[in-house]
Amino acid sequence: MKITVSINLGGYSFDIDEDAYAELKRYLRNLELHFAGEESSSEILSDIETRMAELFRTKITSYKQVINIEDVRQAMSIMGTPEDISDNDGPSAGEKFSSPGYHRMYRDTEHRIIGGVCSGMGAYWNIDPLIVRIIFVVLALGGGIGVLVYLILYIVLPEAKTTAQKIEMKGNPVNIHNIKDSVKKEFDSVRKNMKL
Amino acid sequence: MDLENTKAQMRKGILEYCILSVLSRNACYASDIIKELKEAEVIVVEGTLYPLLTRQKNAGLLRYRWEESQQGPPRKYYELTDEGRTHLADLDKSWKQLVESVNQIRTR
């Protein structure tokens with residue numbers, strides 16, 4: 001047995017399962033963010049809601065009175081994800097929401113040998129971390145100053161933990177598009193490693 | 001290069017032209033436009049249509065009126081404006097030229 005929610009979608013009334021409602025709400029919210037930069041965004045969203053309501057109405061019969069999560073997912077695949085809908089002539093909301101490309105130096109602990117200091121510096125300047133490591137080793141051999149500098153940097157530079165920080169480390173704007181790409185890349189590399 | 005992405009870009013480019021074409025034959029609802037575009041496989045996901053429709057309306061190429069419906073809230077009924085018709089005629093010419101150009105390159 002499930003709890004249902006009563007919704008007004010495009011002027012039509014539906015009873016919808018609680019979990020389906022949560023997913024639908026998330027989807028509509030994503031679309032809202034996606035179109036936020038556009039003129040008439042509320043009109044576009046309203047049209048989309050109306051269309052989804054039309055799709056849902058075909059699902060309701062005397063035998064099936066409630067919209068469930070399959071219905072919502074099917075409607076979502078028919079309408080498309082924000083990426084599918086994304087067009088490049090209109091101002092992309094993804095770009096509007098990006099932090100203005102803060103370029104900060106972090107410690108890149110994902111690619112570290114000791115503490116990720118050299119990786120982080122390499123990411124910031126977009127050079128091979130190996131070059132930075134060589135410089136440090138040379139400085140360390142030449143009187144130990146390299147070790148001191150390294151320790152200071154290790155303490156001062158924060159670790160790039162979140163996806164947003166990892167993007168900032170390279171100086172790219174943090175927007176939905178880049179975050180999605182980063183997460184996808186990580187996922188793919190984990191998957192490759194697991195395939196051995 | 002992402003093949004799907006290239007194909008999607010090609011389709012998106014002609015979508016506005018196709019919308020105007022459909023409406024040039026008769027005024028209709030958004031769902032009718034979707035039906036035709038889907039049948040012709042110009043559109044894959046329906047969501048692509050709505051920002052374009054709104055933009056074209058804002059540009060004065062089409063207009064809508066609200067049609068009452070017995071089964072629920074009123075629906076938008078779209079038709080081409082005169083400006084839309086001129087625009088479409090222009091696009092017709094462009095399309096013919098484009099097809100000729102591409103065919104010339106393809107079949108050399």
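This report walks through a predicted model of two chains, A and B, from overall scores down to single residues.

## How sure the predictor is

Keep in mind that everything here comes from a predicted model. The model as a whole scores ipTM 0.84 and pTM 0.62. For chain B, the average pLDDT is 90, and 99% of the residues score at least 70. As a general caution, where pLDDT is low, the predicted coordinates should not be read in detail.

## Chain A at a glance

Chain A is built from ten helices and two strands. Going from the N terminus, you meet the elements in the order β-β-α-α-α-α-α-α-α-α-α-α. Of its 196 residues, 28% are buried.

How far apart in sequence are the residues that touch each other? If you take contacts in chain A between residues at least 6 apart in sequence, 55% of them join residues at least 24 apart.

## A helix pair in chain A

Now for a pair of helices: α7(A), residues 129-141, packs against α8(A), residues 145-156. Their axes sit 5 Å apart, and the packing angle is about 125 degrees. The angle falls outside the parallel, antiparallel and perpendicular ranges, so α7(A) counts as oblique to α8(A).

Who does the touching? On the α7(A) side you'll find A:F136, A:V137, A:L139 and A:A140. They meet A:I145, A:G146, A:V147, A:V149 and A:Y150 in α8(A). Sorted by class, the residues of this contact come out as eight nonpolar, one polar and no charged.

## The buried residues of α6(A)

Helix α6(A) spans residues 117-125. Its buried residues are A:V117, A:C118, A:S119, A:G120, A:M121 and A:A123. What covers them? The cover includes α7(A) and α8(A), the pair described above, along with α9(A), residues 163-169.

Just after α6(A) comes A:N126, which has a positive phi near 60 degrees.

## Chain B at a glance

Chain B has four helices and three strands, and along the sequence they follow the pattern α-β-α-α-β-β-α. Out of 108 residues, 24% count as buried. For contacts in chain B between residues at least 6 apart in sequence, 50% join residues at least 24 apart.

## The sheet in chain B and the helix on it

The three strands of chain B make an open sheet, ordered β1-β3-β2, with antiparallel pairing. In general, strands of a sheet pair through backbone hydrogen bonds, either parallel or antiparallel. Which strands lie at the edges? Those are β1(B), residues 28-29, and β2(B), residues 62-69, each of which pairs on one side only.

β1(B) and β3(B), residues 72-80, pair in the antiparallel sense over two bridges. Here B:C28 stands opposite B:Y78 in β3(B). Helix α1(B), residues 3-25, packs on this sheet and touches β2(B) and β3(B). The direction of α1(B) makes about 95 degrees with that of β3(B).

## Two residues with positive phi

A:S40 isn't a glycine, yet its phi is positive, at about 60 degrees. You'll find A:S40 in the loop between α1(A), residues 18-34, and α2(A). Is A:S40 buried, exposed or partly exposed? Because 16 other C-beta atoms lie within 10 Å, A:S40 is partly exposed.

Chain B has a case of its own: B:E41 also isn't a glycine and has a positive phi of about 60 degrees. B:E41 belongs to the loop between α2(B), residues 30-39, and α3(B), residues 49-58. Is B:E41 buried or exposed? B:E41 has 8 C-beta neighbours inside 10 Å, so this residue counts as exposed.

## Where the chains meet

Finally, the contact between the chains. How many residues does each one bring? Chain A puts in 20 residues and chain B puts in 13 residues. On the chain A side, α2(A) (41-57), α3(A) (69-79) and α4(A) (82-85) each supply at least two residues. The largest share of that side comes from α2(A), with six residues.

What classes of residue make up the side of chain A that touches chain B? There are seven nonpolar, five polar and eight charged residues.

Note on methods
Residues are numbered from 1 along each chain as its sequence is written. Chains are lettered from A and ligands numbered from 1 in the order in which they are written. This is a predicted model: local features need pLDDT of at least 70, side-chain atom pairs count only at pLDDT 80 or more; totals for chains, interfaces and linings use all residues. Two residues are in contact if their C-beta atoms, placed from the backbone, lie within 7 Å. Ala, Val, Leu, Ile, Met, Phe, Trp, Tyr, Cys and Pro count as nonpolar, Asp, Glu, Lys and Arg as charged, and the others, Gly among them, as polar. A residue is buried if 20 or more other C-beta atoms lie within 10 Å of its own, exposed if 12 or fewer, and partly exposed in between; C-beta atoms are placed from the backbone. Two strands pair if DSSP finds at least two bridges between them. Axes are lines fitted to C-alpha atoms, for helices over the stretch in contact, and angles run from 0 to 180 degrees between N-to-C directions. Angles under 35 degrees count as roughly parallel, over 145 as roughly antiparallel, 65 to 115 as roughly perpendicular and the rest as oblique. pLDDT is the predictor's confidence in each residue, from 0 to 100.
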